[in-house]
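Work through the exercises below with the model open. Try each task before reading its solution.

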Amino acid sequence: MPDANKKKTATIKPVSPPPAALSQADDNTQVTRRSFFSWLSLGWLAFVAATGGFFTMMLRFFFPNVLFEPVQTFRAGYPEDYEAGEVDLRWKAKYATWIIRNDEGIYALSTTCTHLGCTPNWLVAEQKFKCPCHGSGFRKTGINFEGPAPRPLERFRIVLADDGQIVIDKTKKYQQEKGQWGDPEAFLKV
Amino acid sequence: MEGFKHLIDSLTKPTILVTFTFIIFFFLFPPSDWFDKWHRRLRFNALWGKKALLIINVLLVAFFIFGLGDPDFRAIVLKPDNVPISGLIFLVFFFTWLSMNQAYKNDELVEAGKPVDEHYDAPNDKVLVWPDLVYVEFICLILFSAFMMVWSIGLAAPLEEPANPSESPNPSKAPWYFLGLQEMLVYFDPWMAGVVLPSLIIVGLMAIPYMDNNPEGSGYYSYKDRKLSIAMFMFGWLVLWVLLIVIGTFLRGPNWNFFGPFEYWDSHKLEALTNVNLSEFIYVKLFNTGLPGNILLREIWGLLIILGYFMILPPLLAKTWLKDMYLKMGVARYSVFIVLIITALTLPIKMYLRWMFNLKYIIAIPEYFFNF
């Protein structure tokens, strides 16, 4: 505390003497108004530091040392492995990807419904993907046509590796409503 | 028998069920004097008498017993997840009946100039916390614990295979208390149906007592003094919440299609649900031109409709149909009240538009995650 401040207030005397009990307590425990506020500030500082430290530790948990993230890029065999007109389910469980071949080529669809992220089922008889959560339906191309899904399924980057295998890169997504399906890497011509 | 089952199946088609509920609802809970007149003329007030309680409960039990003979009905109703909802139908009816019965009794007492049933005559009405209250609470606690134990032993929790993100169960149902929300999610964009509308409906229901500053009818059950408030609350609670839970539990089946309670849950049931946005209705079907590339031009009709609904409808109603209410409530109170009501009403309106015209979104701007 600055000295000037101390002098100024020290000269002020109470108009009436404090009650006996109060002044006695002052003498015994030596808690003055000034020291009370010092202790209070100290207490608050300690409290803020403790909670701050606690939350910093909590925050640390959001950044784990090891991340068990599934591989985002995978090889999906040769184009000949896929039949034209078929929706291929073999990578659905492991990589959440449908691979579909039509007469012109192959594309990889994300299995995440664009409404709230459930996994739709491929219904062969009806030739559509149908989500069991809110009834969104998608055509084989991934275009949404029924239920609440606001936009088509996303497509993944699909290219051929040097050895002729298909490589699917899930980190790169192509969205129809943004006009990205025309991108050469959103569709593999075979 | 089969004919009756088919009748129930066709009566529980969402369009018929919801339309019927809407029409009959405000005659059961009359919000105004006009409705009240018809409420009494149609003798609906007998519903809140003792005889009606007995008859309706007997009919409900008889219906459930009859239904249990049907394998499809049994499969839905006796599914451990759904047992609480079967119970909820009885409980909701009983407690609604109880409070309405009490309210009607008090209304009659007030009319006769007598003190209401809940009138507190100090100190003669005084009871002791112990043993009068705590003792009853204690007995309830023991009975209820015993009941819960029997229930949990008798009905096994449906444990299924470990969660697998690539395989969603068909149908995937939320916990029963969220099924109303899940039903809303079918008609709206997630942020509307999951965040905005539920908050507004809950806030709106909580705000009703503050909209209605009528000092009468406070502190005891009464209907006459708070017609509009009670009717509005009951609409939000019974129709927009409980009915949607019941629909979601009993009428939604595989692929989230509608099924009657006696209908077989065929996961290959074909339903043409091809949805069309308003912009597509107007530009493709009406004008026969393609959708314009400009987003604003494409969605201008939907934007105009929504603006009209929220900006023009409230003052229009204040001038015409709800004139008395507007004069009584004042500008601020009326504005809040009407905006809350018409926001809640967007839900049934959109449900109908979807069912009747396959209309998906009035405003659809998926480019910027804005759909309404």
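**Exercise 1. A residue after a helix**

Which residue just after helix 6 of chain B takes a positive phi?

Solution. The residue is Gly113(B), with a phi of about 80°. Helices here are DSSP runs of H or I with at least four residues, strands are runs of E with at least two, and both are numbered from the N terminus. This is a predicted model, in which local features need pLDDT of at least 70 and side-chain atom pairs count only at pLDDT 80 or more, while totals for chains, interfaces and linings use all residues. Residues are numbered from 1 along each chain as its sequence is written, and chains are lettered from A and ligands numbered from 1 in the order in which they are written.

**Exercise 2. Length and burial of a helix**

Compare the span of helix 6 of chain B with its expected value, then find its buried residues and their packing partner.

Solution. Step one is the expected span, which is 1.5 Å times one less than the number of residues. Helix 6 of chain B covers residues 83–111, which is 29 residues, so it should span 42 Å. Its end C-alpha atoms are 42 Å apart, which agrees.

Step two is burial. A residue is buried if 20 or more other C-beta atoms lie within 10 Å of its own, exposed if 12 or fewer, and partly exposed in between, with C-beta atoms placed from the backbone. In helix 6 of chain B, the buried residues are Ile85(B), Met100(B), Ala103(B) and Asn106(B).

Step three is the partner. The buried residues of helix 6 of chain B pack against helix 10 (227–251) of chain B.

**Exercise 3. Two helices that cross**

How do helix 8 and helix 10 of chain B cross, and which residues make the contact?

Solution. Start with the axes, which are lines fitted to C-alpha atoms over the stretch in contact, with angles from 0 to 180 degrees between N-to-C directions. The axes of helix 8 (residues 179–187) and helix 10 of chain B come within 7 Å and cross at roughly 80°. Angles under 35 degrees count as roughly parallel, over 145 as roughly antiparallel, 65 to 115 as roughly perpendicular and the rest as oblique. Helix 8 and helix 10 of chain B are therefore roughly perpendicular to each other.

Now list the contact; two residues are in contact if their C-beta atoms, placed from the backbone, lie within 7 Å. Helix 8 of chain B supplies Leu179(B), Gly180(B), Gln182(B) and Glu183(B). Helix 10 of chain B supplies Trp241(B), Leu244(B), Ile245(B), Ile247(B), Gly248(B) and Thr249(B).

Sort them by class. Ala, Val, Leu, Ile, Met, Phe, Trp, Tyr, Cys and Pro count as nonpolar, Asp, Glu, Lys and Arg as charged, and the others, Gly among them, as polar. The contact has five nonpolar, four polar and one charged residues.

**Exercise 4. Pairing around strand 4 of chain A**

Which strands pair with strand 4 of chain A, and over how many bridges?

Solution. Two strands pair if DSSP finds at least two bridges between them.

- Five bridges join strand 3 (residues 97–101) to strand 4 (residues 105–110) of chain A, and the two run antiparallel. Ile100(A) has Tyr107(A) as its bridge partner. The two strands form a hairpin with three residues between them.
- Strand 9 (residues 155–160) of chain A pairs with strand 4 in the antiparallel sense over two bridges. Ala108(A) has Phe156(A) as its bridge partner.
- Strand 11 (residues 188–189) of chain A also pairs with strand 4 in the antiparallel sense over two bridges. Ile106(A) has Leu188(A) as its bridge partner.

Follow strand 9 of chain A onward. It pairs antiparallel with strand 10 (residues 166–174) of chain A over six bridges. Phe156(A) has Lys173(A) as its bridge partner there. In this hairpin, with five residues between the strands, Gly164(A) takes a positive phi near 90°.

**Exercise 5. Edges of an open sheet**

Why is one side of strand 5 and of strand 8 of chain A left without a neighbour in the sheet?

Solution. Four strands of chain A form an open sheet in the order 5-6-7-8, with antiparallel pairing. Strand 5 (121–123) and strand 8 stand at the edges, each with a single partner strand, so one side of each has no neighbour in the sheet.

**Exercise 6. Chain A meets chain B**

How many residues does each chain give to the contact?

Solution. Chain A gives 25 residues and chain B gives 27 residues. On the side of chain A, the elements that give two or more residues are helix 4 (92–95) and strand 8 (144–146). The residues on that side divide into ten nonpolar, eight polar and seven charged.
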